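Welcome! Here is a set of short exercises to work through with the model open beside you. Try each task before reading its solution.

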Amino acid sequence: MTALQGESPPTLLDVRWSLLGPPGREAYDAGHLPGAVFVDLDAELAAEPGPAGRHPLPEPDALEAVLRRAGVRTGRPVVVYDADNGSAAARAWWLLRWAGHREVAVLDGGYAAWVAEARPTTTEPPQPTGGDVRVRPGSMPVLDADGAARLAREGTLLDARAPERYRGEVEPMDPRAGHVPGALNAPFAAHVGDSGRWRSADELAAHFAAVGVDRSAPIGAYCGSGVTACSVLLALEVAGVTDPEHPAALYAGSWSNWSADPDRPAATGPDAG
């Protein structure tokens, strides 16, 4: 964490967010890392909800304006953080990588770990110098519903949601319960150990092996709306299952897109599909 301070600190983005609230801006206003700029996941890291899902990918021009407002500059590293487990911060990590910005990392343990180490916080918003980053989408692969269905048959499609949502026992957000037939459950919560920090690369590799990930075939991930699935993509890279030159794909619309189409099947149970 010491690299976040000093004469040449990275650009810091605070993307605290929760599916059921409260708004992340409230947490940011109550205290944040010095120099961190708040970015609203719902309003700035996603387009308007609709047929494409609850958190469609933002338009490139809109994302570029957000990142420049936050001070993101070409060639300058970016560190993103959320409240704790990295599941929301990973959305910003993925979008920056998708946009062509390679030097981006997620703060392990997020704001909770920072505070637990008695590191400085502030309530003062920074005044970042305008950024110059150019968004060039396409550096990370994206799936639509047909592509996700095909990957579930021909490769490995991971469902990042909690097991009970994957099995179709509950569905608090979307039109139907269940999962994409053939998808394997890889809950994003499994990335974090008892310490509140991410598990080691070896532990994550063992986790994905136990899930049934085939390293020799294409891999992709989805979740409810394309947010927490990004942390699965990050974990796959940390584990060495994928690498920056051969990343796994994101089904951006995720279950919110799939379940809205009544013609698409919904599998239920632990072994369905």
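A residue counts as buried when its relative accessible area is under 20%, as exposed when that area is over 50%, and as partly exposed in between. Keep in mind that this is a predicted model.

**Exercise 1. Two residues and their accessibility**

Task: Decide whether Ser256 is buried or exposed, and find where Ser256 sits.

Solution:
- Step 1. Locate the residue: Ser256 belongs to helix α10, residues 254–258.
- Step 2. Compare its value with the cut-off: Ser256 has 7% relative accessibility, so Ser256 counts as buried.
- Step 3. Look across the fold: Met173 is 83 residues away from Ser256 in sequence, yet their C-alpha atoms are 8.0 Å apart in space.

Task: Do the same for Gly182, which has a relative accessible area of 24%.

Solution:
- Step 1. Gly182 lies in the loop between α7 and β7.
- Step 2. With 24%, Gly182 is partly exposed.
- Step 3. Between Gly182 and Leu157 there are 7.4 Å in space, C-alpha to C-alpha, and a separation of 25 residues in sequence.

**Exercise 2. An open sheet of four strands**

Task: Work out which strands stand at the edges of the sheet with the order β2-β1-β3-β4.

Solution:
- Step 1. Write down the arrangement: the sheet is open, has four strands in the order β2-β1-β3-β4, and shows parallel pairing.
- Step 2. Find the strands with a single partner: β2 (37–38) and β4 (104–106) are at the edges, so each has one side without a neighbour in the sheet.
- Step 3. Check the pairing of β1 (residues 11–14) with β3 (residues 78–81): four bridges join them in the parallel sense. Here Asp14 has Tyr81 of β3 as its bridge partner.
- Step 4. Move on to β3 and β4, which run parallel and are joined by three bridges. Val79 is opposite Ala105 of β4.

**Exercise 3. From β3 to β4**

Task: Describe the two faces of β3, then follow the chain through helix α4.

Solution:
- Step 1. Recall the pattern: side chains of a regular strand alternate between the two faces of the sheet.
- Step 2. Apply it to β3: Val78 and Val80 point one way, Val79 and Tyr81 point the other way, and all are buried.
- Step 3. Trace the path: the chain goes from β3 through α4 to β4 in a right-handed β-α-β crossover.
- Step 4. Inspect the helix: in α4 (residues 89–98), 10 of 10 residues are buried. Among them are Arg91, Trp93, Trp94, Arg97 and Trp98.
- Step 5. Look just past the helix: α4 is followed by Gly100, with a positive phi near 100 degrees.

**Exercise 4. The strands around β6 and β8**

Task: Find which strands pair with β6 and which strand β8 pairs with in addition to β6.

Solution:
- Step 1. Start at β6 (residues 156–159): β6 and β8 pair in the parallel sense over four bridges. Leu157 faces Gly220 in β8, and Asp159 faces Tyr222.
- Step 2. Turn to β7 (residues 184–185), which runs parallel to β6 and is joined to it by two bridges. Leu158 has Leu184 as its bridge partner there.
- Step 3. Continue from β8 to β9 (residues 249–251): they pair in the parallel sense over two bridges, and Ala249 is the bridge partner of Gly220.
- Step 4. Compare the faces. In β6, Thr156 and Leu158 on one side and Leu157 and Asp159 on the other are all buried. In β8 (residues 219–222), Ile219 and Ala221 point one way, Gly220 and Tyr222 the other, and all are buried.
- Step 5. Add the helix: β8, α9 (residues 229–238) and β9 form a right-handed β-α-β unit.

**Exercise 5. The largest pocket**

Task: Say which residues are closest to the centre of the largest pocket and which helix gives the most to its lining.

Solution:
- Step 1. Note the volume: the largest pocket holds about 520 Å³ of space.
- Step 2. Of its 30 lining residues, Trp17, Leu19, Ser87, Phe188 and Thr228 are closest to the centre.
- Step 3. Sort the lining: 15 residues are nonpolar, eight polar and seven charged.
- Step 4. Find the helices: α1 (24–30) and α7 (163–166) each supply at least two lining residues, and α7 gives the most, with three.

**Exercise 6. A recorded domain**

Task: Find where UniProt places the feature "domain: Rhodanese".

Solution:
- Step 1. The unreviewed UniProt entry puts it at residues 6–123 and 151–267.
- Step 2. Take the span 151–267: its end C-alpha atoms are 15 Å apart, and the span is 29% helix and 11% strand.

How values were computed: Residues are numbered from 1 along each chain as its sequence is written. This is a predicted model: local features need pLDDT of at least 70, side-chain atom pairs count only at pLDDT 80 or more; totals for chains, interfaces and linings use all residues. Side-chain values use heavy atoms; hydrogens and water are left out. Buried means under 20% relative accessible area, exposed over 50%, partly exposed in between (1.4 Å probe, protein chains only). Two strands pair if DSSP finds at least two bridges between them. A crossover is right-handed if, with the strands pointing away from the viewer, the path from the first strand over the helix to the second runs clockwise. UniProt positions are given in the numbering used here, feature names are shortened, and annotations may be inferred rather than shown by experiment. On a 1 Å grid over the protein atoms alone, a cavity is a set of points where a 1.4 Å probe fits but cannot get out, and a pocket is an open set with protein on both sides within 12 Å along at least five of seven lines; lining residues have an atom within 4 Å of a point. Grid points are joined across faces, edges and corners, and a volume is the space filled by probe spheres set on the points. Ala, Val, Leu, Ile, Met, Phe, Trp, Tyr, Cys and Pro count as nonpolar, Asp, Glu, Lys and Arg as charged, and the others, Gly among them, as polar.
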